[in-house]
Each structure stands twice: as C-alpha cells, then as structure tokens.
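Welcome to this short briefing. Please take a moment with the sequence and the model below, and then we will walk through them topic by topic.

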Amino acid sequence: VYNAAASHPVTNEELTKEAAKVLDKPLWLPNVPEFVLKLILGQMSAIVLESQKVSSEKIQAAGYSFKYEQVHDALQDLL
C-alpha cells in the first residue's frame, strides 16, 4: 500500500497562488474564517481545514520517480 502523496507537498493556498502565476492571472482570495467554513460545510470542512501528514518516501524507495518534482512544473504542463 502506498500513499498518493507528492514528493514536495504544498498547501491549498500555495497551490492556488502558483496556479495564478502560471495562468498569469491576478489573485484575490478572501480569508474566510474557520467558523464560517464549518457553518457552511459542516463536517466536510475538515477536508479544507485539516492537514494530512503523508510521505512519498516508501514509493520512491521502491523506485518510483515523479515526472514533476515541483508544483510549478506540474501546473505548467497541466494548465
């Protein structure tokens, strides 16, 4: 069993900012308070608010290599 984790994980905020850079678009995101997300999303807010500490070490030790090591490179190809 392997975790589906990036070799260099980033936060949702970092991913969003990097996507805006790659797309050359301005970014304006309001800082939504935690209680508002809990009120709107209920238990699903945990997906947005909680962090998952997983590692890709096991799959890399088995010989897997990532096509893109950094999120910028992956977004360049994707977007």
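A pocket here is an open set of grid points with protein on both sides within 12 Å along at least five of seven lines, and its lining residues have an atom within 4 Å of a point. With that in mind, please remember that you are looking at a predicted model. The tour goes from pockets to salt bridges, and then to the surface and the loop.

**The second largest pocket**

- The second largest pocket has a volume of about 230 Å³.
- You can find its lining in the sequence at Ala6, Ser7, His8, Val10 and Leu15, and then again at Phe66, Tyr68, Glu69, Gln70, Val71 and Ala74.
- Sorted by class, this lining has seven nonpolar residues, three polar ones and one charged one.

**The largest pocket**

- The largest pocket holds about 870 Å³ of space.
- Its lining is made of 24 residues, and Val10, Thr11, Asn12, Glu13 and Val48 are the closest to the centre.
- Two elements give two or more residues to this lining: helix H1 (12-23) and helix H3 (45-49).
- Which helix gives the most to the lining of the largest pocket? That is H1, with four residues.
- By class, the lining of the largest pocket counts 14 nonpolar, six polar and four charged residues.
- Val10 is worth finding in your viewer: it is among the residues closest to the centre of the largest pocket, and it also lines the second largest pocket.

**Salt bridges**

- How many salt bridges does the structure hold? There are two.
- One of them joins the side chains of Lys17 and Glu13, with N and O at 3.0 Å.
- Lys17 and Glu13 are separated by about one helical turn, because they are four residues apart in helix H1.
- Glu13 has a second role to look at, being among the residues closest to the centre of the largest pocket.
- Is Lys17 buried, partly exposed or exposed? Its relative accessibility is 42%, so Lys17 counts as partly exposed.
- Another salt bridge links Glu34 with Lys38, and here the closest N and O atoms are 3.1 Å apart.
- Glu34 and Lys38 are both in helix H2, again four residues apart, or about one turn of the helix.
- Glu34 has a relative accessible area of 45% and is therefore partly exposed.
- Lys38, with 43%, is partly exposed too.

**A nonpolar patch on the surface**

- Leu39, Ile40, Leu41, Met44, Ile47, Val48 and Leu49 form a nonpolar patch on the surface, and together they have about 740 Å² of accessible area.
- Both H2 and H3 supply at least two residues of this patch.
- Ile47, one of the patch residues, sits in helix H3.
- Why does Ile47 count as exposed? Its relative accessible area is 63%, and exposed means over 50%.
- Val48 belongs to this patch and is also among the residues closest to the centre of the largest pocket.

**The loop between H1 and H2**

- Asp24 lies in the loop between H1 and H2.
- Asp24 is not a glycine, yet its phi is positive, at about 55°.
- With a relative accessible area of 68%, Asp24 is exposed.
- Leu29 is found in the loop between H1 and helix H2 (34-41) as well.
- Leu29 counts as exposed because its relative accessibility is 51%, with the cut-off for exposed being over 50%.
- From Leu29 to Ile40 there are 11 residues in sequence and 17 Å in space, C-alpha to C-alpha.

Conventions. Residues numbered from 1 in each chain as written. Predicted model: local features only at pLDDT ≥ 70, side-chain atom pairs only at ≥ 80, totals over all residues. Heavy atoms only, no water. 1 Å grid on protein atoms, 1.4 Å probe; cavity = no way out; pocket = protein on both sides within 12 Å on 5 of 7 lines; lining within 4 Å. Points joined across faces, edges and corners; volume = space filled by probe spheres on them. Nonpolar A, V, L, I, M, F, W, Y, C, P; charged D, E, K, R; others polar. Buried < 20%, exposed > 50% of the residue type's maximum accessible area, 1.4 Å probe, protein only. Salt bridge = Lys/Arg side-chain N within 4 Å of Asp/Glu carboxyl O. Patch = residues over 30% accessible without salt bridge, like charges linked within 9 Å, V, L, I, M, F, W, Y side chains within 5 Å. Areas by Shrake-Rupley, 256 points an atom, 1.4 Å probe, with all protein chains shown as cover.
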